[in-house]
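Biologist: Could you walk me through this structure? I would like short answers.

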Amino acid sequence: MSVVVVGNGMAGARFAAELRSREPRRPVVVFGTEPGRAYNRILLSNLLAGKVGEEDLALAEPPGALDLRTGVDVDAIDPEAKTVHASDGTTTRYDTLVLATGSRAIVPPIDGLWKDPETLIDGAETFRTLADCRRILAEAEQARKVVVLGGGLLGLEAARGLAQRGLEIEVVHARGHLMDRQIDPDASRILISTLAELGVSVRLDAVTEEVIATEPGGGGRLRGVRLEDGTEIEADLLVIACGVRPNPDLAAKAGLLVNHGIVVDDRMRTSDPSIYAIGECAEHRGKVYGLVQPAWEQARVAAEVIGGGGAHYTGSRLVTRLKASGVDLASMGDPHVDADGAEVVTFADPTRRTYQKVVIRDQRVVAAILLGDSPTVGTLTQAFDRETPVPSDPRSLLFTRGGGQAAEPGMVSAATTLCRCNGVTAGAIVRAWMGGARTPTEVVGATRASTGCGSCRDTIASYVTALAADAQQGGSDSAASAPQPEGVVA
């Protein structure tokens with residue numbers, strides 16, 4: 001029974017690995033639009049900052065034989081014949097088809113932005129793919145002033161990355177506060193102060209109306225942008241990071257049910273039971289997720305179902321982290337849900353660039369914003385993930401140092417999640433340790449911990465170090481007795 005995967009991004013590559021681990025002999029064909037092996041898109045901002053090289057982005061390849069066709073588009077699907085038609089002229093039959101077509105960058109309709117219908121003006125780049133990142137870095141070598149269009153997660157990560165290369169950065173955001181989907185205006189004000197200290201200035205309520213070029217009519221190079229209020233901002237480089245939208249076009253042309261994304265059920269099946277969809281292109285229960293954790297959870301469910309298992313996907317509880325050097329920010333749930341009987345606990349210290357907010361309903365954490373030094377981020381994330389009852393005095397959620405469901409002070413339970421992207425618990429780390437993994441690198445290889453967003457890398461290394469110290473002292477190898485590393489994140 002052959003499986004064809006359309007998409008070799010983080011979702012498609014993870015699905016292939018998950019299926020291979022279950023059924024190593026099943027024929028699998030993977031089509032990837034981008035050339036080269038699959039890579040970790042989340043770490044592109046680290047590449048911009050010069051903190052990692054391209055080789056550090058590569059994802060582990062699935063074991064066993066795999067028919068991987070990179071640099072090849074799938075142009076059409078024929079559900080009746082169960083075939084896909086590719087840009088290299090081939091037709092491939094499938095028994096099961098998995099769509100992992102991802103999303104595409106949103107480019108706002110700005111006058112002067114396009115050289116022609118397919119090409120942006122010289123000096124303007126989107127920030128979505130490795131190829132985009134390479135072009136941005138090439139432009140940055142000759143640039144002095146950069147305008148980043150968009151003050152969401154992607155825009156701020158790009159801005160901070162380029163600022164670390166010594167460039168003058170200004171973020172132009174059309175809305176009234178930064179990261180308006182993840183944080184509130186109070187957190188935004190403190191975040192703006194933090195970014196200013198790191199060399200990134202921010203302009204809010206700023207709608208870009210026109211790109212100014214050295215030659216009119218789409219010719220020449222970028223010279224700057226003009227805002228709706230007439231303000232002109234000089235720039236040598238314009239980075240467009242205005243968000244992404246699902247890419248369901250292939251499914252729509254094949255007659256599958258499409259809304260914002262490709263509509264799937266709890267087993268990740270589309271309206272055609274032989275076709276599945278996962279990742280940023282999939283819409284589950286009315287939601288399209290744009291983060292790696294849901295994509296990898298969906299990949300696991302689809303692989304298990306296709307392999308004959310009974311897995312179901314019921315949705316993901318999202319914890320968003322801003323991955324920008326010098327900024328500690330985590331957001332859980334919808335931080336704007338303050339009404340309807342919710343209890344809200346907040347703490348703000350603008351001088352120390354700290355803001356904390358927890359929203360509680362029915363004695364459960366339903367949302368939180370943690371900006372700056374937040375020693376209870378691990379405890380809060382566990383409470384949010386598991387929907388456990390909060391303490392009688394909810395202020396302890398902000399001011400008590402802890403790290404999850406600990407049996408004793410300074411300890412973590414086996415169920416404590418140390419890597420959310422891959423769902424790796426403290427217990428899984430201990431099992432890897434007992435199986436012979438003695439270094440952080442070996443533990444990562446055995447568990448995949450920290451291979452997603454990378455924000456838990458220090459936590460994993462600290463935990464492995466704690467296990468080694470505990471073993472040297474003759475302690476137990478159980479996760480419940482392992483010392484808790486500082487800064488546990490879930």
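A short exchange of questions and answers follows.

Modeller: This is a predicted model, where local features need pLDDT of at least 70, side-chain atom pairs count only at pLDDT 80 or more, and totals for chains, interfaces and linings use all residues. Residues are numbered from 1 along each chain as its sequence is written, and side-chain values use heavy atoms, with hydrogens and water left out.

Biologist: How many helices and strands does the secondary structure come to?
Modeller: Helices (H or I, at least four residues) and strands (E, at least two) are DSSP runs, numbered from the N terminus. On that basis the protein has twelve helices and 29 strands.

Biologist: What is the radius of gyration, and what would a compact globule have?
Modeller: The radius is taken over C-alpha atoms, and the globule rule is 2.2 Å times the number of residues to the power 0.38. The C-alpha trace spans about 70 × 60 × 45 Å along its principal axes. For 490 residues the rule gives a value near 23 Å, and the protein agrees, at 23 Å.

Biologist: What share of the residues counts as buried?
Modeller: Buried means under 20% relative accessible area, exposed over 50%, and partly exposed in between (1.4 Å probe, protein chains only). The accessible surface, by the Shrake-Rupley method with a 1.4 Å probe, comes to about 21000 Å², and 48% of that belongs to carbon and sulfur atoms. Of the 490 residues, the buried share is 52%.

Biologist: What percentage of the contacts with a separation of 6 or more joins residues 24 or more positions apart?
Modeller: Contact means heavy atoms within 4.5 Å. Among contacts with a separation of 6 or more, residues 24 or more positions apart account for 61%.

Biologist: How many disulfides does the structure hold?
Modeller: A disulfide is a pair of cysteine sulfur atoms within 2.5 Å. The count is zero.

Biologist: Which cysteine sulfur is nearest to that of cysteine 456?
Modeller: Cysteine 456 is buried, at 5% relative accessible area. It is in no disulfide. The nearest cysteine sulfur is 3.8 Å away, and it belongs to cysteine 419.

Biologist: How far from cysteine 133 is the nearest cysteine sulfur?
Modeller: Cysteine 133 is buried too, at 0% relative accessibility. This residue is in no disulfide either. The nearest sulfur is that of cysteine 242, at 17 Å.

Biologist: How many salt bridges does the structure hold?
Modeller: Side chains of opposite charge can pair when their charged atoms come close. Here a salt bridge is a side-chain nitrogen of Lys or Arg within 4 Å of a carboxyl oxygen of Asp or Glu. The total is 32.

Biologist: How many residues apart are arginine 128 and glutamate 280?
Modeller: Their side chains meet in a salt bridge of 2.5 Å, N to O. Arginine 128 lies in the loop between β11 (124-126) and α3, and glutamate 280 in the loop between β21 (275-277) and β22 (282-284). Both residues are buried. The pair links distant parts of the chain, with a separation of 152 residues.

Biologist: Which helix holds arginine 134, the partner of glutamate 54?
Modeller: This salt bridge is 2.8 Å, N to O. Glutamate 54 is partly exposed at 34%, and arginine 134 is partly exposed at 42%. Glutamate 54 sits in the loop between α2 (44-49) and β3 (67-70), while arginine 134, 80 residues away, sits in helix α3 (residues 130-140).

Biologist: Which residue meets arginine 41 in a salt bridge?
Modeller: Arginine 41 is partly exposed, at 23%. Its partner is partly exposed at 26%. The N to O distance is 3.6 Å, and the partner is glutamate 34.

Biologist: Why is helix α4 largely enclosed?
Modeller: Helix α4 covers residues 153-163. Its buried residues include Leu156, Glu157 and Arg160. The helix is largely enclosed by the rest of the structure because the number of its eleven residues that are buried is ten.

Biologist: Which residue in β24 is the bridge partner of valine 319?
Modeller: Two strands pair if DSSP finds at least two bridges between them. Six bridges join β23 to β24 (residues 327-333), and the strands run antiparallel. They form a hairpin with two residues between them, and glycine 326 in the turn has a positive phi of about 90°. The partner of valine 319 is methionine 332.

Biologist: How far apart in space are arginine 352 and threonine 91?
Modeller: Arginine 352 lies in the loop between β25 (343-349) and β26 (354-361). It is exposed, with a relative accessible area of 63%. The two residues are 261 apart in sequence, and their C-alpha to C-alpha distance is 60 Å.
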